[in-house]
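Biologist: Could you take a close look at one part for me, the stretch where the charged side chains pair up, and tell me what sits around there? Keep it relaxed, but give me the cut-offs.

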Amino acid sequence: MALSGKLSTEIVIHAPAGKFFNFLTKSLHQAQNICERVHHTKLHQDGKVTICKETIESIDEKNKTIKFNVFDGDISQQYKVLKLTIQEIDNSNGSVSAKYSLEYEKINDNGYLEFYDKSTKEMDAHLLKA
């Protein structure tokens, strides 16, 4: 039983409108010089290095949206599909936000949902007999 879904978060940024999106589309290769947790394609998370590759699927200049496909390496051991969408949003109050959305399909859910599914059916069957 695979687990799939979508997660989103929105973060207020202080850079002028357009500057964040421009960085993502034109200078993303500089991320390893700026971000402490990014070293080439290595992500340091909880002391463990996660290696992956990414490709840009699309860039929407009008909506300031960029879509990535994240794959290979450690990621492919956990996910069948992992897609990241980043959008720069000009808010009505004059602030700017970066919205991150992850669409994913895990290879497995570590058995927990399958465990609950099977256990619930077994308990239900037992209760129907009583």
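Modeller: Here is a walk through the salt bridges, followed by the aromatic pair. Bear in mind that this is a predicted model, where local features need pLDDT of at least 70 and side-chain atom pairs count only at pLDDT 80 or more, while totals for chains, interfaces and linings use all residues. Residues are numbered from 1 along each chain as its sequence is written, and side-chain values use heavy atoms, with hydrogens and water left out.

The count comes to five salt bridges, each being a side-chain nitrogen of Lys or Arg within 4 Å of a carboxyl oxygen of Asp or Glu. Let's start with Lys64, which is linked with Glu88 and Asp90 in a network of salt bridges. In the Lys64–Glu88 bridge, the closest N and O atoms are 3.5 Å apart. Lys64 sits in the loop between strand S5 (53-60) and strand S6 (65-71), and Glu88 is in strand S7, so this bridge ties together parts that are 24 residues apart in sequence. Strands here are DSSP runs (E, at least two residues), numbered from the N terminus. Both Lys64 and Glu88 are buried, where buried means under 20% relative accessible area, exposed over 50% and partly exposed in between (1.4 Å probe, protein chains only).

Lys64 also bridges to Asp90, with the closest N and O atoms 2.9 Å apart. That pair again links distant parts of the chain, as Asp90 is in strand S7, 26 residues from Lys64. Asp90 itself counts as partly exposed, at 45% relative accessibility.

Strand S7 comes up again with Lys80, whose salt bridge to Glu105 has its closest N and O atoms 3.6 Å apart. Glu105 belongs to strand S8, and the two residues are 25 apart along the chain. Lys80 is exposed at 57% relative accessible area, whereas Glu105 is partly exposed at 26%.

Now for the aromatics: the structure holds one aromatic pair. Tyr79 and Tyr104 meet edge-to-face, 6.2 Å centre to centre and with 80 degrees between the planes. To count as a pair, rings of Phe, Tyr and Trp (its six-membered ring) need centres within 6.5 Å; planes under 30 degrees apart are stacked, over 60 edge-to-face and the rest tilted. This pair also links distant parts of the chain, with Tyr79 in strand S7 (residues 79-90) and Tyr104 in strand S8 (residues 96-106), 25 residues apart. Tyr79 is partly exposed at 21% relative accessibility, while Tyr104 is buried at 17%.

Key. Helix = DSSP H or I, 4+ residues; strand = E, 2+ residues; numbered from the N terminus.
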